[in-house]
Amino acid sequence: MLLQRIFASVLLLACVGLALMAWPYQAAFSYEPVGPRAFPLLMLGLMGLALLYMVFRPAPIKHSADEPPLDRETLIKIGICVVLLLVFAGTFESLGFIIASVITGIPMARLYGGRWLPSVAIISLMAIGLYLLFDRLMDVPLPLGLLSVLEN
């Protein structure tokens, strides 16, 4: 319990230091509606709240029998997830957000027990919906890649 609190305290200090470094940052140009400073500060704020909880919580974290063991099968799933995320990062620009999301999202859904038809349908609709949300409503440009021929 003491080691958990010490670990959380050290990370909390790191978050505070990083937030102090990020606070005065001003970009020479703004390519996003909220600016480049908001995202790191938001993430550091959320991490800080979680770390504060870890420091002051009344009881230690206890693992229950409901949690999956960290066995070979779980480690293989984690490894496959990391590879899929690397594929997403590598294909994001060239293939575009929608296609990269679909080709990484469907295997991810199947990895965790999703059936073929619902996985394809839901991942495809989510990729298109997220593209429209970010690109059209929030003015955060996402690459279309191969689908750029559909753009007006």
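**Exercise 1: Ser101**

Find the helix in which Ser101 lies, decide whether this residue is buried or exposed, and list which residues it touches.

*Solution.* Begin with the position: Ser101 lies in helix α4, where a helix is a DSSP run of H or I with at least four residues, a strand is a run of E with at least two, and both are numbered from the N terminus. The model is a predicted one, in which local features need pLDDT of at least 70 and side-chain atom pairs count only at pLDDT 80 or more, while totals for chains, interfaces and linings use all residues. Residues are numbered from 1 along each chain as its sequence is written, and side-chain values use heavy atoms, with hydrogens and water left out.

Next, take the accessibility: Ser101 counts as buried because its relative accessibility is 13% (buried means under 20% relative accessible area, exposed over 50%, and partly exposed in between, with a 1.4 Å probe and protein chains only). Finally, look at the surroundings: once residues up to four places away in sequence are set aside, Ser101 touches Phe88, Ile123 and Ala127, a contact being heavy atoms within 4.5 Å.

**Exercise 2: The chain as a whole**

Describe the secondary structure of the chain, and state what share of its residues is buried and what area it exposes.

*Solution.* The chain has five helices and zero strands, so that, reading from the N terminus, the order of elements is α-α-α-α-α. Of its 152 residues, 23% are buried. The exposed area is about 11100 Å², and 75% of this area is supplied by carbon and sulfur atoms; such areas come from the Shrake-Rupley method with a 1.4 Å probe, and for residues only the protein chains shown count as cover. Among the contacts with a separation of 6 or more, 58% join residues 24 or more positions apart.

**Exercise 3: The nonpolar cores**

Which residues form the largest nonpolar core, and which element gives the most to this core?

*Solution.* A nonpolar core is a set of buried Ala, Val, Leu, Ile, Met, Phe, Trp, Tyr and Cys residues joined through side-chain atoms within 4.5 Å. The largest one has 10 residues, namely Phe92, Phe97, Ile98, Val102, Ile106, Ile123, Ala127, Tyr131, Leu142 and Leu144. Two elements, α4 (97-111) and α5, each give two or more residues to this core, and α4 gives the most, with four residues. There is also a second, separate core of six residues, among them Cys15, Leu44, Leu51 and Val55. In soluble globular proteins, nonpolar side chains tend to be buried together.

**Exercise 4: Pro143**

Locate Pro143 in the chain, explain why it counts as buried, and find which residues it is in contact with.

*Solution.* Pro143 is placed in the segment after α5 (116-137). It counts as buried because its relative accessibility is 17%. Leaving aside neighbours within four places in sequence, Pro143 is in contact with Phe92, Glu93, Gly96, Phe97 and Tyr131. For Gly96, the separation in sequence is 47 residues, whereas the distance in space, C-alpha to C-alpha, is 4.9 Å. Seen from the other side, Tyr131 touches Pro143 and also, among others, Arg136, Leu142 and Glu151.

**Exercise 5: Bonds between side chains**

How many salt bridges and how many disulfides does a search of the whole structure find?

*Solution.* The search finds one salt bridge, which is a side-chain nitrogen of Lys or Arg within 4 Å of a carboxyl oxygen of Asp or Glu. Its partners are Arg136 and Asp135, whose side chains meet at 2.6 Å, N to O. Arg136 counts as partly exposed because its relative accessibility is 46%, whereas Asp135 is buried, with a relative accessible area of 13%.

The same search finds zero disulfides, a disulfide being a pair of cysteine sulfur atoms within 2.5 Å. Two cysteines can still be described: Cys15 is buried at 6% relative accessibility, and Cys81 is buried at 13%.

**Exercise 6: A nonpolar surface patch**

Which residues make the nonpolar surface patch, and is Phe56 buried or exposed?

*Solution.* The patch covers about 650 Å² and is made by Leu42, Met43, Leu46, Leu49, Leu52 and Phe56. Patches consist of residues with over 30% relative accessible area and no salt bridge, with like charges joined within 9 Å and nonpolar side chains (Val, Leu, Ile, Met, Phe, Trp, Tyr) within 5 Å. Phe56 is found in helix α2 (residues 38-56), and it is exposed because its relative accessible area is 64%.
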